[in-house]
Amino acid sequence: MATQTAAFRDGHQNVGHLDVVHQHLSTNDSSGGLPRGNKRRTNNSPSESVHHCVHDSESILGIRAAMKIVLDFIRAVELRDLTSQFWQGAEHLEKKAALESAVEELELLREQLAKENLALRDEVDRVSMFEEIVGTSQALQAVISRAIKVATSDSTVLITGETGTGKELVARAIHRRSDRVSRPFVGVNCAAIPRDLIASELFGHEKGAFTGASQQRLGRFELANGGTIFLDEVGELPAETQIALLRVLQEHEFERVGGSRRIRTDVRVIAATNRDLQAAIITGSFRSDLFYRLHVFPIEMPSLRERREDIPMLVEYFIDRYARKAAKDIRHVSHETLELLQAYAWPGNIRELQNLIERSVILCETDMFSIDESWLPLPPAATESKLYIGLPRRLEVQEKNMIEEALQASHGRVFGPMGAAAKLGIPRSTLESKIKTLKIDKNRFRSLSEI
């Protein structure tokens, strides 16, 4: 079975040309595994324009014939002076017509070649922007198609999906395809910065703004001016920072912490999160107006469970990377290993697969790649079952949290204008039923208000 994927140079910050790799995964190998390293590189683009390229046999013959006529004329001029008598007589008139026709054909071919060169470059750009994004599954191709369409605009993009699905890679690819490619791409992990420092990190601060602010500091939005800022885990931003971000998106300006001067900014915002922001809006931890400002062009990353057919390509890709680093020659992947990897649910998605491949390559002592089954914590069926069962449980927990927050705000009162039922916008009977079903002690909140 022959499959096709795109392999890219290491280092996703570099912009390079694309090599299309045809990976021949033969099942007839005597070792019982899939042979590796049998790659044929070609510079041909997958674009349909290749089929009309001037490098087909007919065009080559036409170019050669036209060039022969022109070169024969040039040689004749060099051998003797034909400028005066060359165009005299029927034979010379015939040569003149042939020469003019050849020059005209070469000009047409030159224009055709220029157009096709632009088409080929555009096709290379369309694919090479997705550096390190490997796979041919329909789910992944849908993401790539959406990213290509939005890249050339300045629209705000919200990338959602489980952890480890490659959200930052898509954000970087969109930046490389945009008109801002020559300007900075600045990434910020909002979950990794302490809550009391995130505003300073994003918008900068003035000297003396707080204890330890010994000098003025530029924020990430100023550093990204003219380029793209990537806000990873945007759902973790505290409420006050959400307000400041909303102002940037609405008015394209901000103030440094401790400052009063408005600073204009020209930055494209790409945000990403693995949280359900709409559920966070219901619980009050994320602003609805900010959500709709970010939700201009949503892209949802598929989990690895949704693109299992890409796992063999990803395994090959990561083995190549880590085998080179470890100076090891790994030539085969056992069928049992591939079946095991494709059956596993991958809760950590591509990042989990990448880490497992790196660990396995380090421990591998032969040319046959294999993994330790104990590294996959649960059988595939159990893992899948746990994932599907976990969804209603998570919804139940969210519902319970919402009701408890409403009860706490209403001091344990269920009905009335200031009661929890009114705050939640549901009938009293419905709320009483849910309190009973979820085993919530409403008296607990009444006693807390009396303390």
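How many aromatic pairs does a search of the whole structure find? I put this to the model, which is a predicted one, and the search returned eight aromatic pairs.

**Entry 1. Aromatic pairs**

I began with F203 and F221. Their ring centres lie 5.4 Å apart and their planes meet at 15°, so I recorded the pair as stacked. I then looked up where the two residues sit. F203 belongs to helix α5 (residues 198-203) and F221 to helix α6 (residues 220-223), so this pair ties together parts that are 18 residues apart in sequence.

Are these rings buried or exposed? F203 has 3% relative accessibility and therefore counts as buried. F221 counts as buried as well, because its relative accessibility is 0%.

I next followed F221 to a further partner. F221 and F254 form a tilted aromatic pair, with 6.2 Å from centre to centre and 45° between the planes. F254 lies in strand β8 (residues 253-254) and F221 in helix α6, so the pair ties together parts that are 33 residues apart in sequence. For F254 I noted a relative accessible area of 3%, which means that this residue is buried. I entered F203, F221 and F254 as a cluster, linked by ring pairs.

I also checked L202, which is found in helix α5. L202 is at 0% relative accessibility and so counts as buried. Its C-alpha atom is separated by 9.5 Å from that of L223, and the two residues are 21 residues apart along the chain.

**Entry 2. Strand β10 and its partners**

How many of the six residues of strand β10 are buried? I found six of the six in β10 (residues 268-273) to be buried, so the strand is largely enclosed by the rest of the structure. I then sorted the residues by direction. R268, I270 and A272 point one way from β10, while V269, A271 and T273 point the other way, and all are buried.

Which strands pair with β10? I noted strand β5 (residues 157-160), which pairs with β10 in the parallel sense over four bridges. I also noted strand β7 (residues 228-232), whose pairing with β10 is parallel and runs over five bridges.

I looked up individual positions in these pairings. On the β5 side, V157 has I270 as its bridge partner in β10, and T160 stands opposite T273. On the β7 side, F230 also has I270 as its bridge partner in β10.

I then turned to β5 again, since β10 is not listed as its sole neighbour in my notes. Four bridges join β5 to strand β11 (residues 297-300), and these two strands run parallel. Here V157 stands opposite F297 in β11. V157 thus appears twice in this entry, with I270 in β10 and with F297 in β11.

**Entry 3. Charges over rings**

Which residue lies over the face of F297? I found R146 there, at 4.5 Å from the ring centre. I recorded a further case at W375, where the charged end of R359 sits over the ring, 4.7 Å from its centre.

**Entry 4. The second largest pocket**

I looked up the second largest pocket and noted about 540 Å³ of space in it. Its lining is made up of 24 residues, and G164, G166, L169, R351 and Q354 lie nearest its centre. Which elements give two or more residues to this lining? I listed α4 (167-177), α10 (311-325) and α12 (349-363). By class, I entered 10 nonpolar, six polar and eight charged residues for the lining.

**Entry 5. The loop after α4**

I closed with S182, which is found in the loop between α4 and β6 (185-189). Is S182 buried or exposed? With a relative accessible area of 65%, S182 is exposed, because that value lies over 50%. I also noted its distance to G227: the two residues are 45 residues apart in sequence and 7.8 Å apart in space, C-alpha to C-alpha.

How values were computed. Residues are numbered from 1 along each chain as its sequence is written. This is a predicted model: local features need pLDDT of at least 70, side-chain atom pairs count only at pLDDT 80 or more; totals for chains, interfaces and linings use all residues. Side-chain values use heavy atoms; hydrogens and water are left out. On a 1 Å grid over the protein atoms alone, a cavity is a set of points where a 1.4 Å probe fits but cannot get out, and a pocket is an open set with protein on both sides within 12 Å along at least five of seven lines; lining residues have an atom within 4 Å of a point. Grid points are joined across faces, edges and corners, and a volume is the space filled by probe spheres set on the points. Ala, Val, Leu, Ile, Met, Phe, Trp, Tyr, Cys and Pro count as nonpolar, Asp, Glu, Lys and Arg as charged, and the others, Gly among them, as polar. Buried means under 20% relative accessible area, exposed over 50%, partly exposed in between (1.4 Å probe, protein chains only). Two strands pair if DSSP finds at least two bridges between them. Rings of Phe, Tyr and Trp (its six-membered ring) pair if their centres lie within 6.5 Å; planes under 30 degrees apart count as stacked, over 60 as edge-to-face and the rest as tilted. A charge sits over a ring if NZ of Lys or CZ of Arg is within 6 Å of the ring centre and within 35 degrees of the ring normal.
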